[in-house]
Amino acid sequence: MTVAPEFTAITSAAELRELLGTPMQRAIDKERVTLHAWDREWLARSPFCLISTSDADGNCDVSPKGDPPGFVHVIDDTTIAVPDRPGNRRADGFLNVLSNPHVGLIFLVPGRGETLRINGRATLVREAPFFDEMIVKGHRPRLALVVEIEQIFFHCAKALMRSKLWKPESWEPEALPPHARIVKDVQYTEETLEQLEQHYTEASYAKKLYGG
């Protein structure tokens with residue numbers, strides 16, 4: 001990457017540590033490799049996670065996954081499974097996993113500032129007995145991401161506190177135009193703006209959440 005001449009880049013781990021300092025021992029010691037009972041409880045309460053992947057060349061992707069709380073299936077103390085639901089079929093993250101199994105996940109619980117982070121190695125599975133336990137509204141997933149845990153820990157609340165993510169008084173959804181308008185402006189579509197507005201309504205989405 002070419003850095004603009006007015007930027008001062010960091011080019012080594014030593015330089016980075018000189019700037020940031022070393023982590024507290026508590027931050028180092030919090031890493032684990034197996035699920036604790038509280039990890040299981042967090043997963044049972046979490047309706048949303050972000051999954052980061054990269055392909056063999058390092059090209060990255062982050063995909064959101066959401067379902068009723070507890071949608072992630074715990075197979076055992078070192079393995080979890082994330083069901084796939086109907087989407088746009090790009091499968092960017094899944095294609096990455098086929099060439100590079102390393103994944104990172106962040107699980108959120110609404111109203112909580114902390115997050116649960118899991119890093120590990122993933123496999124795409126198209127059939128397993130536990131699929132029957134991931135049925136939602138009659139929809140049995142056709143695919144799941146099975147993650148072998150290599151690292152797990154809770155991350156502190158500072159980022160969510162700074163962002164005021166759970167503070168409704170800080171929300172300004174109307175500061176941006178409707179999504180249909182944004183799509184029409186940033187990409188070519190054959191649909192008219194009116195057709196896009198109909199497509200992106202919550203009611204239209206609701207019909208397709210589980211393959212309807």
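In this predicted model, Cys-49 is buried, with a relative accessible area of 0%. Its closest cysteine sulfur belongs to Cys-60, 17 Å away. That is too far for a bond. Cys-156 is partly exposed, at a relative accessible area of 37%. The sulfur of Cys-156 lies 20 Å from the closest cysteine sulfur, that of Cys-49. This separation is also too far for a bond. A disulfide requires cysteine sulfur atoms within 2.5 Å. Neither Cys-49 nor Cys-156 can therefore be paired by this rule. The count of disulfides comes to 0.

The largest nonpolar core contains 23 residues. Those with the most contacts inside this core are Ile-80, Val-82, Leu-105, Phe-107, Ile-118, Leu-145 and Val-147. Both helices and strands give two or more residues to the core. The helices are α3 (37-45) and α4 (92-99). The strands are β1 (48-54), β4 (79-83), β5 (102-108), β6 (115-125) and β7 (144-155). The most comes from β7, which gives 4 residues.

Ile-118 illustrates the contacts made by one of these core residues. Leaving aside residues up to four places away in sequence, Ile-118 touches Ile-80, Val-103, Gly-104, Leu-105 and Phe-107. Ile-118 also touches Ile-149, Gln-151 and Ile-152.

A second core is separate from the largest one and has 8 residues. Among them are Val-125, Phe-131, Ala-144 and Val-146.

Technical notes: Residues are numbered from 1 along each chain as its sequence is written. This is a predicted model: local features need pLDDT of at least 70, side-chain atom pairs count only at pLDDT 80 or more; totals for chains, interfaces and linings use all residues. Side-chain values use heavy atoms; hydrogens and water are left out. A nonpolar core is a set of buried Ala, Val, Leu, Ile, Met, Phe, Trp, Tyr and Cys residues joined through side-chain atoms within 4.5 Å. Buried means under 20% relative accessible area, exposed over 50%, partly exposed in between (1.4 Å probe, protein chains only). Contact means heavy atoms within 4.5 Å.
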